[in-house]
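Reader: I would like to understand how a ligand is held in a protein model. Please begin with the terms.

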Amino acid sequence: MNQFSLPDKPHQYQNFINGTYKTSISNKTFERESPGHGVTVGKYPLSTKEDTEEAITAAKVAFKSEKWSSLTGADREIIIRKAAGIIRARKKELALIETLESGKPISQALDEMEWAAGIWDYAATLARHIAGDVNTNVGSDMTAMMQKVPIGVVGMITPWNFPLLIISQKLPIALAAGCTAVIKPSEMTPGTTLLLGEILKEAGLPNGVVNIVAGYGDPVGVTLTESLDVDMISFTGSTEVGKQIVKSASVNLKKVELELGGKNPQIIFPDADIDALIDAIVFGVYFNMGECCNSGSRIIVHEDIAEEIENRVIEHSKDVKVGDPLDPSVKIGAIINKNQYDKIINCINSGIAQGAELKLGKDSGIDDNGFYISPTIFTKVQPHMDIAKEEIFGPVLSILTFKTAEEAIEIANNTPYGLSAGVWTKDLDTAMLMTRKIEAGTVWVNNWMSGYPEIPFGGMKQSGLGRELGPHSIDEYMETKSVLIKMGAKPGNWVKG
Ligand code: NDP
């Protein structure tokens, strides 16, 4: 029997401000329907500018009090690690909420909870590794200390595709650094992020250190980005909104860290291990319905093996199960909402109109129903076509071909994005050349989408600013304060010297 089912009634959520759950000052709420079922699954506070300002004040007061940053790294570690344990213990409940709100398959939501908990564990370890630096190489009477201090109040704005995972790439690292936070989850998937309030309270986090406000980009996100009391914004979402955030953040020159979109290529050379790559390509493009910044939405394959790769990818894609996200065997669930569904269908239509060949999908006999879109594959895609350059955020694969390595590099780099890329070859020289020439924050060789909390993640070009994860991620949330100490200080002689 499937242990995951629709709720009898919608979950009721509240904002989490200064350690307390509360309704919006407006007393209004908004609802979320499961995109896979059309059933209302959550009710959330429709927060206002005033709610957001209250949360910012709570975070600022908590930061100034130093009740969090003055704890030892070891004490912060204990609390962050406890939170990791609670996320694991509540994994099924959290995964179900994500599946109901986002339409993602339950099996992928369960995996996501494990990844998220793993990052909290890693961040807990980082909390003990803040040490700054010392330089005694600037004169025998001078000692310079580079102190690491938390940046302050961090506003975190997250999207709907991996709600708990994406906030987990930001929040525990910022907490390890000693920052406080105000979080605005996507209005479509706020449930698990709102539950982080009680998880953190149970773990022992002091009141006011983390505050969570549900609502729309305007006013909640805008209030955060424009606030003089917020010292940094960490944002994941579209490149378009990322650019608006950079503009709003200039009001007090707050630091901005951005994780944005991608149009990620996988380049396949004739000597590649074809058996190994077929499943990786299929996983890369359909995972999370393709609603993934790392979606491997373009393959660029050498023309000598193009026909074989196309045929095998198409055959393998036919076995990908589409349907009810609550079914544990389903691999492609529901698209997040009607807007996104329409956007994907428009992209498919533009591919057809611009002359690419639709080999699998909409017009190939597989029905799509409501917010469901089945695996869609285009061949004969040319670099100038929109489906070769634009992020579709759906289960749509564009296949392009190349003759020379130089041509493959040119096609791969022919987008404003630079998030991730893949190379399939057994030749070391070819692999190394590609890793150097492809403009992307991550390049996978003979695999796709491996990731670890220890390894930095982020984009070049219009895919982002800064890096999440990895040992240096904590520096994103810290300032360096240089302290220069002179021994045996003597009066100076600048005026007369
Ligand atoms: P958006 O960039 O529109 O939204 C991301 C977050 O920002 C949401 O919480 C949103 O609130 C908030 N927001 C919206 N406008 C503002 C603003 N002016 N100031 C501050 N915050 C704001 O992404 P979507 O979630 O709508 O997704 C749209 C597209 O973004 C996708 O089709 C995809 O191309 C891309 N995307 C990329 C992701 C990635 O990981 N790189 C993840 C998700 C999306 P609200 O919930 O009210 O919209």
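Author: A polar contact is a pair of N or O atoms within 3.5 Å; within protein, one must be able to donate a hydrogen and the other to accept it, and residues adjacent in sequence count only if both atoms are side-chain atoms. This is a predicted model, in which local features need pLDDT of at least 70 and side-chain atom pairs count only at pLDDT 80 or more, while totals for chains, interfaces and linings use all residues. Residues are numbered from 1 along each chain as its sequence is written, and side-chain values use heavy atoms, with hydrogens and water left out.

Reader: Which residue has a polar side-chain atom 3.2 Å from an oxygen atom of the ligand?

Author: The protein atom here belongs to a side chain, and its partner is a ligand oxygen. The residue that places a polar side-chain atom 3.2 Å from this oxygen is Lys 184.

Reader: How far from a nitrogen atom of the ligand is a backbone N or O atom of Leu 260?

Author: Backbone atoms also take part: one N or O atom of Gly 217 lies 2.7 Å from a ligand oxygen. For Leu 260, the partner is a ligand nitrogen, and the distance is 2.5 Å.

Reader: How many residues surround the ligand?

Author: A residue counts if one of its heavy atoms lies within 4 Å of the ligand. Among the closest are Trp 160 and Glu 187, and the number of surrounding residues is 27.

Reader: What percentage of the ligand's exposed area does the protein bury?

Author: Accessible areas come from the Shrake-Rupley method with a 1.4 Å probe, and for residues only the protein chains shown count as cover. Taken alone, the ligand exposes 870 Å², and the buried part of that is 86%.
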